[in-house]
Structure formats: structure tokens, C-alpha cells
Amino acid sequence: MIHKNSSMSFLEKAYRQGISRLASHTSDSAHSSPSNLSSTSDLEPRSYSESSGFTKYWDINDVNQALTEHPTLFVRGELVILKKYGTGTVYSTQHNAHIHLSSKTAMNRSIHDDDVLVFVLENQITTSKTVCDWKLDNTPTDQELIMTTQRYEGVVVYNYTAAKSRAFRLQCRLLSNSGCRTTKLLHPIDQRYPMVSVSSKESYQSSDMAFTVEVMQWRFSDSYPQGRIVSNSIPKPTHTSALNGKCSPLDMLCSYVLDSQQIPYTFPDSHSSDPYRSVYQAALDQLSQLCRLPHEGVTSTQSLSADYFASLITKLRTEEFKRDLDSLGRRSFCEDIVITIDPDTARDFDDAIHISPLISTGSGPAIRIPITEYWSDYLGPGAKSHTVVGYEVGIHIADAAYYLDQSPWLDDMARKTMSSVYLSDRVCPMLPPLFSNIICSLNPAVPRMAFSIVVQIDVDGKLLPQEVWFGKSVIFSYARLDYSAAQRIINNDFTPEEISKTTTSIFGLWPCIEGFAPVVALSVGLSNKLSLALRKLRKSYVALLISLPEERYTINPDTLTVTRKETAEEDEAHHLIEEFMLLANCLVAQKLILCFPTLPILRIHPTCKKSAILTRILMYRKLPQMDTKSLIHTNKWLETLGKRLQDDGEEHGVQLANYLFLANCLQKAIYQIGSTHPFKLLSHWGIHAHMYMHFTSPIRRYPDDIAHRLLNLGLTLERKVYTDDPQYVSSQAAVFRPYRFVITEPLDIYKDLLFQPPKALLKLAKTRYHPNTVATQFSSNTSMMRMESLEEQLLSEGLRTSTSLKNFTFKTVLKDIERRYNADKESIINLVENDGSDVEHPAVEESTKKSLVQTIFDQIEDDIATIGYSFSSINAMVEKVNEIERKIATIEIMNHRAMLHLLIKQTPEFQSKGGIDAKAYIVSTQLSRTITFYVPAHGCAFSMTYPHELLEDLSIRLRGFDKNISVEMQKAPAQAVGKGLLDRVPCQDYDLGASENSSTSVYVLPLMAPINARIVPVSKAFYEGVDLLLTDPSLAE
């Protein structure tokens, strides 16, 4: 705390020298004269640049003093920029909140991932009102949340990364008419980085060229960092093709799209396996010794014959095998008929299932019958009389985390990418092929380590009374099918010769152990019956049923010939696997809550938001109005809208209706850590589940591995707790942390919540993990309100929502700081240091002995610390993977556009026209600035950042629009800058801009009406993809 004295304190000096100088050069103060800053006139010479608005970084001694004396006012952390350079956040563990850097000036020459020191400037408290009109029990009462949220503003005063002589490389393109005679500005493809200034002698006057630029320095007097061009074409990929050691075009595409999003290609074909070879060999040794097989017997299918299987299964029945399995804490499912169903091109098999009927013979309880016995004794002539009352289902997931835990290096590499990336010609795997395609993958006819769930379900899809089993296992896959083969079996579209006891290749394509093909077919049929019941149950509570056909392309790597794959509608075989994986994910989420009620990792999906522009579009175009009273109404509305658009002549009406909803209303699902959340969102709206977490794809998705580790830890703790205290279930601690997944009466997993942590525990967790948000809940008669997450809007739009924040600038903050500082030098410190004064704290016993709530809370934190996790560490991983999901979505778009570019080049009709003629629709417009075009015939969208007017007839007027330039390359006219939003939102578009000689005019574009357009190549380089050119001359005003 500052002591009042006559001399200038360190903090006062910091405010005056650092912040006031920074504040005086924001965009709205660029025209101010130095005389306006009288408050700083008595200080030493200014250390800022009038041309750039940046200040020099503080001296390291001042930095250390600041951290020591005022730790709550200074935050050191990693700068995260989500979309475009200009705004960012730094997470503060002390505040348990993001510190927002709301302008380039506030970021002070820092870039994404920099280690920075932030001065916390302002603590804004805002309230928002949200109505949740959807509840899992479908009751009509709406729930209204009044959210009080604290928002911190800050400014970078020191950059630890830059102090270490930072240098990095970016992929850039040339901006037309940018720079001056001596310098040019290059635009990074990854928009999270700033434009780079290079010498005009180095640059080339061609927008078709890509540049690799090395950024060398960024002086505080420069508006942009200084760089030099390393190469004027796409950089060499991190790997080479096998052919003559030369770089192939598809290698170039791979490098281009990954580099643009700063995602490393960690395991290309040419990578060295030395860092993890020993772990792989140890895994082979362990599995081969456990199963008494040679290495080749566990790496690949050796034989599908009945004799080979008989010899193998004999080894897996020995007491020695069972004893070794027990020592590993695993259960054998090797004699259960486990099968996999995946796409025909899949190489990594994450999941497998087995099923056994539960039958009643009229007397006694239902019993489980192995499916081989059921096939031989209960079906066909002379079958035993019985009634199937349910099924026992085993869901088996590859145990990738088991191997990651044995190799810190491999785990670190997986965390760098967090996910596999799928391109048209390859998979860029999260794990190296030796693991992803061999030792982890649940390949046919070889034993594999797995993480399994065994659950009993009645014929209607409800969970029967039981204790659901979770645990590590060893499995053996009897057959590998693709979706088409599974669908043929479901449809009984096969002959007795194709599915017989002598079959070793189902339909001549898919491997199956000899003697088991009929049982495999029976498994598929029974699994489909149960999956239909689960889907029917989920649909009855109205899960969101929306999907867009994925545009898939195959490409010949030698000729670059692109073939567009016709996307078949998902059939029962797809839903079969989908329903079981959804069930597993729901079960795991609830198990994590039972074990770690304050710190699970969950996947949440907010409800859809009401869009004012969508309402106007539907009203003006006389289309059915959106109905969100419940998901059943939303599904019916989407179906009606799609049919209406088709009736109006749009061939792809259903697809267009779905995308219209996606672009305007549907929010993205994200990962979160903890069972409390500022907006009380623990549900997955789209799936209609109370609790949901990804568990079923650990080979290609790192959050699943986090869930595996937490679940394994929970099972270990459960065994210890119940061993030490057999009566634990009756203890008071079990009320807060029961561990066991015990169902006492039939449970509907999509409606009923097995366990909800006591409010006292959640209240304490909320205070610890989310102290800056207070929520109150009460009934409301409001039928519908816009469902929006304040934080998501702040991050995605870059604007503040409250009136006071809209006009917020560093200059006004400075004046307020000076006013309060002069009145009471301690008031400004109290504003930030007493940030929890308005937060409601739980009533915790004030005694020398901790309360039970506090004890449970601390135990959970101590428990997850044993595997190296904490709230902060998991939260950091969650934020990273949420960001990487957005990057991967961008990569998929870039890959799709590259395939369209090649399709244009190889098709004479398209070549002669210069592109693909298509109908485009404007489906969304935001903030009078961002316009989204959608081309349903090719499943692609294009966004144009361009200031515009929304007219009464629901058209938009674009002034200065250049008809010869495609939409994403349009450059806003200079006169638009400084009017309205553009002076508050960073304007860096993914474009090259219009040239001086281009023909500009006023264009008027209708919303949600067909517009003649053409998909055209962006440049000669195919990896730069395509853009949309408007070709309808009637659009000109």
C-alpha cells in the first residue's frame, strides 16, 4: 500500500511516467497536443514515441520492485491473441481472471505467446441478464441469471521475451499501396501477428507471392516491427517427399496451412523416432511378454485362422496371464467379441465395443449371456425360450495416456499440437505413427491396452440399477468393419456365403477371425437396436439434430487430380457408434464429478443465442420465424425452413438453413475446468446432457488424455478410500465425494443427474476459481431472451458492451486515475487490491480445525497434484486447446479452398471461365462491418470485413466497393476509417486491398437472397486457395 508522503512514490512515478504517456497516444488522442497533458509536464523527458504511441519498457529494477511491492497490481503471464492483432489477454492466477489489453498501444509491441508484465489499470464491474429457456427436465419455467462481472484492463510495461533478443519468422503477403518509398508492409497470414515493415528493395510488387519474413526487432519508435525477407515463395516444409528427396506440392500445402496457424508438424514421415523408440520398444516388450507372443504378434495381424486364434486364446486363459494382468490393474476382455467400426480410410482406431444380451427366462433375475452362447443356444431351431430385457455394453477406448505417462518427451510433443490435423492427403498426427497406428490403435486380431466402461442398459435405453464399471483392460478385436459394411449387415444385405463360419474377410474387404463372422453380424444387429433406443430417448428430450454435409476431396499426390467425394447422409451405422461414444462421454463426465466434484474437466455447449439480424432476415424474406422455446421447436423450425428454401428453388435448401442457424445463433462448444462456471453452464445443449466430456478419442485429441488421467486417478483413490474404510459410503465425506457410480433405480442419462455436489462445496470452489463473477438465479416469466456469454462476446468482437466501457479509453482512465489519486492516494490501489469486496464468500467455520468442506476442497487439489495437475495448469491447457480448435477449423477451411483451386485448374469449363459459377447468399452481418457469404453448392463461406449500411429493405450498401476484386481482398475506403467502429476495432483484414486503378462504385447486396458469384483462385499458388468474386452487375447502385 502507498504511504502518503511528500516525495513521489514509486507507484505514482509508474503511473505518471508509464501509463499517462502511453495513454496520451491512443487512437483518439493522436491529434492532442502535448499541452493537453499538463499532468505530466513536471516530469522528466518523455520516453515515448509520438509517431507510434508506444513507450519504452520499464527498467528491470523497476519491474522487480513493482512485483515485490505491489503484486496484485502487476501480472506476469503469457499474452494470448485469439483472432486479430490489436487486442489480447493475459491470465492472472491472483485475480483468477483475464487482464484485457484492449489496443495495440496497451500491448506495447508484444506479440502472441510473449512472456509479459502487465500493469493492471482498471477494474470495471458490469452486470448482464441472461434467460436460460432450456432445462434438461423440459419444465416451462425459464431461469434468469443476473451476472455481475469484473473486467480488468491493463497495459504491458515489460516484455521478458523481447529482452532475450527475440527473432521469429512469419508467412506474409504484400499489401497493395502500403508503406512508402523506402519500406513496404507485409501482412501475416496468421492474423494474430502484426504487419511487418521491410525495405522496398527487398519486396516485390506482386500480390501473388508469399514471403517468409524474419522479424528482427521492434523499436518503440516504430509503428511496426522491422523484418527482412528470407524467401519470396512458400518456405521449405519441415519434411520432404520420398520421391527423389524433393518437396512435393502437397508437402508445400501442409507446411503453408500449419505454419499459418503456428501449429508444428511434429511427426512427418521423415521424423526421427529416436526420442521415443525406447518407450515403443518397452511397450512392445511388455505386451508381448504379457500375452506370450513375439513382437510381430502384437504389432500386426499374423493370421485370421481358427487354429491361430485357438492357440492365442489358450495363452490368454492361463493363470499366469491372469496374475500378470492383476498386477497391472487390468481386466481381460479378450474372450468378449469386441469389434471396431470406423471410416474406410481410418488408420488409428480409438474405440471398440462389445455387447451381450441380458435375458429373462421367466424365473429369477435377468442374466448376462455371452453373445457366442446367445448365438448358439438362443437363436435358430430348438432355441431356448427367453426374453431380452436389456444389454451389457462394453465401450473400450485406446489407452494412449498409459504410454504418454512413460515418455515425458512424447507427452510434451502431444501438448504442442493438442490434436491431430486432417488434410485431404494425410493426417498430421498428434502421436507418432508407431503409437497412433500401431501400439495404441485397437487393430484387429492383436491384443491391446484399453480403458473400458461396462454398463447395463434396458431395451428402452435407460441405465439399469448397477454399479457402472470403469477400469484399465486388455482387449482383442475380432473384426474391423467400415460404416458401409456395418450398414449392409444392419440391412441384412448379405448372403450366407458372405457371412459364414469360414469367413475371414467380410465382403472381401474387412478382416474377421475365422468362425466368428455370424457372431460379429449378430453383435452389429443388437448394437444397432440399442443405439436406436438411445437415440430415440435422446431425441425425445430433443437433442439438436443439425449437420452440414462435409465437403470431402481425394487427391492423387502424383497428378494432383482432385475428386470430389459425394457425401452420403449418415446412416444407422454412423449413429450406432456415435450413440455409444456419446454415452461413454456422459458416463465419464459424471464419474469425474463423483471423484473430483470441484475440478473435473468438462465439455460445455451454451444454448443458442437469439439473433436480431436473423429475425429481420426471416421477417423480410417471409420465411418461418425461429422458434427456440425448446430444442424440439428449433429442430422443427430448421426442418421447415430447409423445405421452404427448397420449395423456393434453392437446391441445397436444408444445407443453407442449417448454415444460416450456425452463422447467427449457434455458439461453440468449449472445454472448461471445474464444476463451477461464471454463467452456470455445465450442460451440453446440443447433445442434451447434464455432464459431458470427451473421452473416446485419446489418440487424436489431448483433452481426452487429460480425462483418462483424472479418471484413472479417481479409480485409484476410490479403491484406497473403500479399502481403508469399508463404511466410507455412509460417512459424511461421501456426501461431498462419493466416488462410486452406483445406480439404485433405472436412470435416464440424458435427463437424470446421478450426483450434484453440495452447494457449500460449489460455493467455496466458485470463490476460489471464479471470484470475479457473481450470479443470482430466479424465476422469470420472460418467454425468450438472447442467450449470450459476455466473455465470449468480448473476446470475439473486441468491443465492450456496457455504456461506460464503450467510451473507455486509456486517456479517460488516466484522468480518472489522476482525480482519484489526488483525492486519496490509496483509493486507486484499493480499487484493484480489494477486488473481492463485492464477491459473496461462503460461510466457512472460523476455527483452528478446518471445516469438512474446506478439507474436501483441499484434498481434491492435493490429489490432482499427485499427477502434476492443478486448476491453473489444467486451465492453461484448456485455454490452449480451445484456441487450437479454432486454428484447426481455419486449417480445414484453407485445405478445402486449396482443393477447390486445383479443381478449377484441372477442369476445362472452370478454367475457361476463370472459376466456378455459383449462387452465394449473405447469411450474416455483424457490427455493420463483417459480412458472411455462404455458397451452399460447395459448402464454403467467405467473410468480408467492410464497413456498410443496413438499409430498410434488408440490403446492405457498400461504398467504394471494387467490382474487380474478390470479397476477402476488398480494402475499406480510406474515408471510412475513423467513423464509428473502425476507430475502436483493429482493422486488419485477410486481404490485399484494391489497387489505385481499380473501378470502385456503390454496391447494394440483398441479405439471404441468391447472388451471382464466382469462386476464383486467389493467386497462381494453389495453396493460397480461392475467394469469391461477385459477378452480378445489377448489384451496382
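**Note on the predicted model**

1. The sheet. Five strands form an open sheet in the order 31-30-29-35-36, with antiparallel pairing. Strand 31 (940–945) and strand 36 (1026–1030) are the edge strands. Each has a single partner strand, so one side of each has no neighbour in the sheet. From one strand to the next, the twist averages 40 degrees. Please keep in mind that this is a predicted model.

2. One strand pair in that sheet. Strand 30 (residues 930–935) runs antiparallel to strand 31, and six bridges join the two. For a landmark, take Thr-930: its bridge partner in strand 31 is Thr-945.

3. The protein as a whole. There are 1037 residues, and 57% of them count as buried. Secondary structure amounts to 28 helices and 36 strands. Among contacts with a separation of 6 or more, 72% join residues 24 or more positions apart. The accessible surface is about 42900 Å². Carbon and sulfur atoms account for 50% of that surface.

4. Helix 4. This helix covers residues 249–260, twelve in number. From first C-alpha to last it reaches 16 Å, close to the 16 Å expected at 1.5 Å a residue. Is helix 4 mostly covered or mostly exposed? Mostly covered: nine of the twelve residues are buried. The buried set is Leu-250, Asp-251, Leu-253, Cys-254, Ser-255, Tyr-256, Val-257, Leu-258 and Ser-260. Note that Asp-251 is in this set, alongside Leu-250 and Leu-253. The buried residues pack against strand 16 (421–422), strand 17 (427–428), strand 23 (552–555) and helix 27.

5. The exit from helix 4. Gln-262 comes just after the helix and has a positive phi of about 60 degrees. It sits in the loop between helix 4 and helix 5. Most residues other than glycine have a negative phi. Gln-262 is therefore worth a look in the viewer, as a residue other than glycine with a positive value. Its relative accessible area is 34%, so Gln-262 counts as partly exposed.

6. Helix 11. Which residues of helix 11 (residues 408–417) are buried? They are Leu-410, Asp-411, Met-413, Ala-414 and Thr-417. Viewed down the helix axis, these buried residues fall within an arc of 160 degrees, so they line one face of helix 11. Several helices cover them, including helix 5 (274–291), helix 10 (400–404) and helix 12 (433–439). Helix 19 (702–724) and helix 27 (871–906) are also among the cover. Helix 27 thus turns up in the packing of helix 4 and in that of helix 11. Just after helix 11, Met-418 has a positive phi of about 65 degrees.

7. Tyr-739. Here is another positive phi in a residue other than glycine, near 70 degrees. Tyr-739 lies in the loop between helix 20 (733–736) and strand 27 (742–743). Is Tyr-739 buried or exposed? The relative accessibility of Tyr-739 is 3%, under the 20% cut-off, so it counts as buried. Gln-262, by contrast, is partly exposed.

8. Met-969. This residue is in the loop between strand 33 (955–962) and strand 34 (1000–1006). Relative accessibility is 10% for Met-969, so this loop residue counts as buried. Where does Val-1018 stand relative to Met-969? The two are 49 residues apart along the chain, and their C-alpha atoms are separated by 8.9 Å.

Key:
Residues numbered from 1 in each chain as written. Predicted model: local features only at pLDDT ≥ 70, side-chain atom pairs only at ≥ 80, totals over all residues. Heavy atoms only, no water. Helix = DSSP H or I, 4+ residues; strand = E, 2+ residues; numbered from the N terminus. Buried < 20%, exposed > 50% of the residue type's maximum accessible area, 1.4 Å probe, protein only. Contact = heavy atoms within 4.5 Å. Areas by Shrake-Rupley, 256 points an atom, 1.4 Å probe, with all protein chains shown as cover. Arc of directions from axis to C-beta. Expected span 1.5 Å × (residues − 1). Pairing = 2+ DSSP bridges. Axes fitted to C-alpha atoms, helices over the stretch in contact; angles between N-to-C directions.
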